[in-house]
Structures are given as C-alpha cells and as structure tokens.
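Visitor: Could you take me through one part of this structure up close? I'd like to hear how a pair of packed helices is put together, and then where it sits in the bigger picture.

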Amino acid sequence: MAENQNNPLRYTITAALPYTNGPLHIGHLAGVYVPADIYARYLRLTGKDVVFVCGSDEHGVAISMKAKKEGVTPKEIIDKYDGIIRKSFQDFGITFDNYSRTSREIHHKTAGDFFKKLYEQGNFIEETTAQLYDDEAKQFLADRFVVGTCPKCGHEEAYGDQCENCGSTLNATDLINPKSTVSGSVPITKETKHWFLPLDRYEDFLKEWILVGHKSDWKPNVYGQCKSWIDGGLEPRAVTRDLDWGIPVPVAGGEGKVLYVWFDAPIGYISSTKEWAEREGKNWEPYWKSDDTKLVHFIGKDNIVFHCIIFPAILKAHGDYILPENVPANEFLNLEGNKLSTSKNWAVWLHEYLQEFPDMQDVLRYTLTANAPETKDNDFTWKDFQSRNNNELVAILGNFINRVVVLTNKYYEGVVPSPAEFSKVDLETLAALKAFPITISSSIERYRFREAGQELMNLARLGNKYLADEEPWKVIKQDEERVKTIMFVALQIATGLAVLSEPFLPFTSGKLKNILNVTLSAVEELGWKNVSTNEVLLPQAHQINKGELLFRKVEDSEIQAQLDKLEATKKANTSTALGTGENANKALMPQKDTITFDDFTKLDMRVGTIIEAEKMAKTKKLMVLKVDTGLDTRTIVSGIAESFTSEEIIGKKVTVLINLAPRALRGVDSEGMILMTESADGKLVFVNPDEDGVGNGEGIS
Ligand SMILES: [Zn+2]
C-alpha cells in the first residue's frame, strides 16, 4: 500500500468527534481541528480529491451521567452542545465536508451492521463476567459510574476505566473501596454477558503494521505510545456495555445493552462519509475501501490507543476496509502553565473568545499553530498571543500588505504597473517566492504545521525586507520607472501570500484576495502550485481595490483583562476547594440575634440542581431559574445575572430554601431561595453541597 500513498487518488481526513457534554476550548482547536483543517484546505488548493469528516459523539456514559445529574434527557444535553460546537466550528472556519451526529439513524444503522458482521464472522468472544452492580439504583455500573482508589498509584478518585492521576487503564473491579456515583452505595458484583474484541489475536498484525511498517513515518509520540501498548500485551476488550443510552446491541441476548461508545464513535467517520456522499451524489465506498485512498486521523494524544490499536483491529476484522496511513496525534495544550480543565473552567472557550475578540479568528488559529503541541505538551499564554499578533501578524504580514496596497493606490490609482527591467534583487526575490509552495507543502505533508506556519510568515518577512531595502517611497522622487518595477514585484508577493495563507489564515486570505481583486479577475484560478509555476501572479494593468487593515494591535489592557479573568477563576477554584473564602480583609457582618433550635428547624433547606436558567428581560440582575428540588421542579428568581451566564450554572448543585413564602418578582412567582455568599472580591458564590453522592431533595440540617 505504501507505494500508492505518496500520490493517492483521494484523501479521507477525519477529525476526532467532539464529545457533546461541553463547549469547545482552545485545546480542541490546537490539538485537532486547526491542523486537520490546514491539511484539508491545503490538499483542496492543490487540486486533490478530499473528504474531510467529523461529527458529534453523542453516546456514552458521561452524557448519560450528566443528564441524570441535571435531571434532563440525554437528548437535551446532546442537542444543546451539538449546537454550540457546530457553531464554533463554523465561526473558526473549519471546513468539514460533513459534520454528522452519532445519534442519527444513518450512524445507528452503520455501527449496528458493523457489529453484526463481526458477530457473524465470529470476531468476538462472549463472556459472562462479574460486573459492579448498584443494588440500590438497580443497575449495572458502567466504568464511569464507579470511583475508588487506584490500585496502581493510590489516587482516591480514580474512575472504573481509568485513573486520571497516573493514566493507568483499569477495570472497575480493580478499584479499592469502590463507590457508586449513582447512589453513593458500595456496589456488589453481579453476572452479565458481554462481547469482547480479542485484541490479543491482532498482536502480530499490529506489530507488523505499526512497529515495522510505520516506524519511520509516524510521529515519535504516537509510535512510542503504540509500542508500549503492544509490548505490554493486548487483552480482549469489551465492545458492549450495560447502559440505556447508545446503540442497541443488534444480536440475540443483547437486550438492555448498548455498543461501547468507543466501538461506535470511530465508525462515526464512516457514517459521516456516507451522509456526505448521499448528499453530494457520490459513492462513499472508495473513500474507505480503496487502496489508493489515503486515510488520516487527526486526534489528541488521549485517543491514540483507540485510533491506532482498537479501531484498526476492528477494520481489519471486518476485512473490507483500509487502514489509516497516519495518525498525527498532538500532545496537550496547557493554559498559562496549568492543564486545561472543563470542570475547573480553566480554559479559553471559543464562543467567549469571539465575543471578546470579534472577527479575530485567524489570530487564534495562527497563535495556536505557532505554538501547537506537536511533539510535547505546550503552553498557551496571553502574552504570547499578544506578541504573535503584534509582532508577527501586525508588524510583518499586516504591515507588508498595507504598504503594498496603500502605495499602489497612491501612485497608480490601484492599477498594477508595468515593470521595467528586473534587477538582480528582483529576480532573486521572485525566485524565492516561487520556492515557498514547495517548502510549505513539505512541512504540511509531514504534519509539521508549526513549521509550515512559520514558513508562511517568512514569505511576509521576505516582502517586508524587500520593501524596506528598495524604499520605493524614497526612490519615487528620483526614478518613477524603477518604482513601477518594485511595486510590481511586491504585488506578486502579496498575491502569493493571498494564496498560501488560505489554509492557515482563511479569513485574512479572503480579505486579501478581495483587496487584490483576484476573485473577480482573469487570475481567479490561483491554486497552490500556480505560485510556483505562473510566470506572473498579478498581471500589469490589473485593478486592485482599496485596502482595509488585516490585523489590529492587541493592547496590554486586553491581555490584562484575560489574565484577571483567569485569576478570578483560580480564586473561585481555591475557595471552593478549601471551603473558605479569602475574607481576611473583608469587613464581616456581626453575628445576628440568637434563635432557638425550633426556629432553625422551621427552615426547609434541600439540595437541588439548576436545570434551566434565563436572564429576565429588562432587568440587570435577575435570572429566572428552574430548579429540581427532588420534590418538584420549581421557578426561583435570583439576583445573580451579573455574576453568571446561564451557560455556567445549568447543572449546578445548589442549596435551596424551599419553604419560603412565594413572592412575585417583576411578575414572576419565585418559590424559594438559593443560598449564596460573596467572595473577597465581591463575586457571588453558590453555597453548594459536595457535588458527589448527594442527590436532589436531600435535607440540610
Ligand atoms: Zn493511578
């Protein structure tokens, strides 16, 4: 197969299916979606046949768990986040040819059929095993519903499938002191039947295919992880689960069980391709079954085992499918020195970024590419963001384009001048321009996107230096003919930048093409290779448009605001963790009059969960909440709208005073009160119970 892979007939590019239990942050973009999009855009510009697919991953226990916690259906959870995620991808210009959902019919059928075929071929082993069972909740406990002490490192909050502290993969029954997160009770073991993929049978195949076949072309971090898995010995892995949310196991005895989310999710790439082909009137099969197709999976490092070991074993077992040619997984991106964390709100959320830096998608794409965690974990810092923007995008690329466009408009009313004879420097500069597509291609094709992005900036540097050396603004006073040649050369570089920046900075590339008026002219067929092969990119007498600024400076105050926001998050996390605020400097309220025990017992306080939240129109502070109190779902109006968005508090466990006489606030009946306190810096904070193991409706006394 390898000999076809240097010049395949078509490409199938997949990007990890985002899990619909939260919005996207910069780690997702940096790790998977920006590099995948650069790759897909680049291939399209070189005229390749590409399908680039993704979709929302909507099954699995975490969604089922979140739904239970929030008192809503899984469908409500997935619909909400599918919408938010889809919009972020659109906003950041990620050009999937299709973005599907694993809850769709086409995927249920594809994954179900896949399972059935493997079942019928005898690729699975059936085993009745003892699984942890919550006798109080009357259900088997999926791995994520069990926490306990990790037998390897002693971490007390390890999940049934994995310890997040030491990274070990576990079996739920290995945990010391296991506890059900559904009811809080100690689980018992009970027998249940499941289907397993005997990975041990694929060891020889995996050794040959990865350890020998891809020794030199897979990234060392990916290869190394695969090698350690294979060397550690592979064991059968369950492909079904006792759960009520997912794709039903389509064979006899499968009632009440679903496909393990890790069995169904990668098949989602296939379903998404089918959906695309149906819509476009194409045949999906060559994209997955033909040897002259190059299949590339873009993922983060936490998914390596699934994409390099398990999914290939599944594809191999099926027999009709090709295997991935490369899996250029990235390491993790940190934020200001700390691990990105959804639960700790330690993140730059994409939807929030765009509210704060509207129309600056490319700046983030650029910064994340320049700093991509390609070979090791890397850090995103706001200072670096500012300096990449101000010192590179503004000072180099933006400055060059601005000079070229302003001078062309000033000297020639926007008409590309005719060059006279080229000087040695001109010829060298034009030759250097023609070399860039090859240099950048070589980096992209080796999945070195950081390097590729820096090469693009080097082209802008070349242009900047050329103008600075030739000084047309001085020469114009003595030699107008020479300036025509200089501007002609500079305009060729600007056009080269318009083409070659497209994979990296698509919005900027669009603006630049518009300024250079290359979409509506004779040069509209400007592909990647044309930058090397065309004698002239922007012909003389071509009319360009007036300029607009491509980038703006990011001020220190904007960076400080972001750092302050993170600092506040840190403070909130610390005070939540310690159960104490930093109120040393705050004037504390004196103790109130003594009350009797009877007075106290009159207060009926319960644990509840906020399940809906909406800011009340025409008010600044009020928010209308729907709270599940365990007894009922009721409306409570709370003055917290200045401190929280509804997004942040939906799903939050709170303490509610439920027997407070209802009162009408702006025409809405409020039936209770949510207990709040205030942190040292004046931020409202929920008085909330320990989130684990306490159910709605539990009394507080
Ligand atoms: Zn551990």
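Guide: Here's a walk through one helix pair, followed by a sheet and the chain as a whole. Keep in mind that this is a predicted model.

Let's start with H13, which covers residues 424–445, and H16, which covers residues 480–500. Their axes lie 10 Å apart and make an angle of about 5°. Angles under 35 degrees count as roughly parallel, so H13 and H16 are roughly parallel to each other. On the H13 side, the contact is made by Asp 426, Thr 429, Leu 430, Leu 433, Phe 436, Pro 437 and Ile 440. Facing them from H16 are Thr 485, Val 489, Gln 492, Ile 493, Gly 496 and Leu 500. Sort that H13–H16 contact by class and you get eight nonpolar, four polar and one charged residues.

Now for some strands. One open sheet has four of them, in the order E5-E4-E9-E10, with antiparallel pairing. Its edges are E5 (139–140) and E10 (237–238), each pairing on one side only. E4 (residues 125–134) and E9 (residues 188–197) run antiparallel and are joined by nine bridges. Thr 129 stands opposite Thr 192 of E9.

Stepping back, the protein chain has 21 helices and 25 strands. Its C-alpha trace spans about 95 × 70 × 45 Å along the principal axes. The radius of gyration is 29 Å, which agrees with the value near 27 Å for a compact globule of 701 residues. Of those 701 residues, 40% count as buried. As for contacts between residues at least 6 apart in sequence, 73% join residues at least 24 apart.

Methods. Residues are numbered from 1 along each chain as its sequence is written. This is a predicted model: local features need pLDDT of at least 70, side-chain atom pairs count only at pLDDT 80 or more; totals for chains, interfaces and linings use all residues. Axes are lines fitted to C-alpha atoms, for helices over the stretch in contact, and angles run from 0 to 180 degrees between N-to-C directions. Helices (H or I, at least four residues) and strands (E, at least two) are DSSP runs, numbered from the N terminus. Angles under 35 degrees count as roughly parallel, over 145 as roughly antiparallel, 65 to 115 as roughly perpendicular and the rest as oblique. Two residues are in contact if their C-beta atoms, placed from the backbone, lie within 7 Å. Ala, Val, Leu, Ile, Met, Phe, Trp, Tyr, Cys and Pro count as nonpolar, Asp, Glu, Lys and Arg as charged, and the others, Gly among them, as polar. The radius of gyration is taken over C-alpha atoms; the globule rule is 2.2 Å times the number of residues to the power 0.38. A residue is buried if 20 or more other C-beta atoms lie within 10 Å of its own, exposed if 12 or fewer, and partly exposed in between; C-beta atoms are placed from the backbone. Two strands pair if DSSP finds at least two bridges between them.
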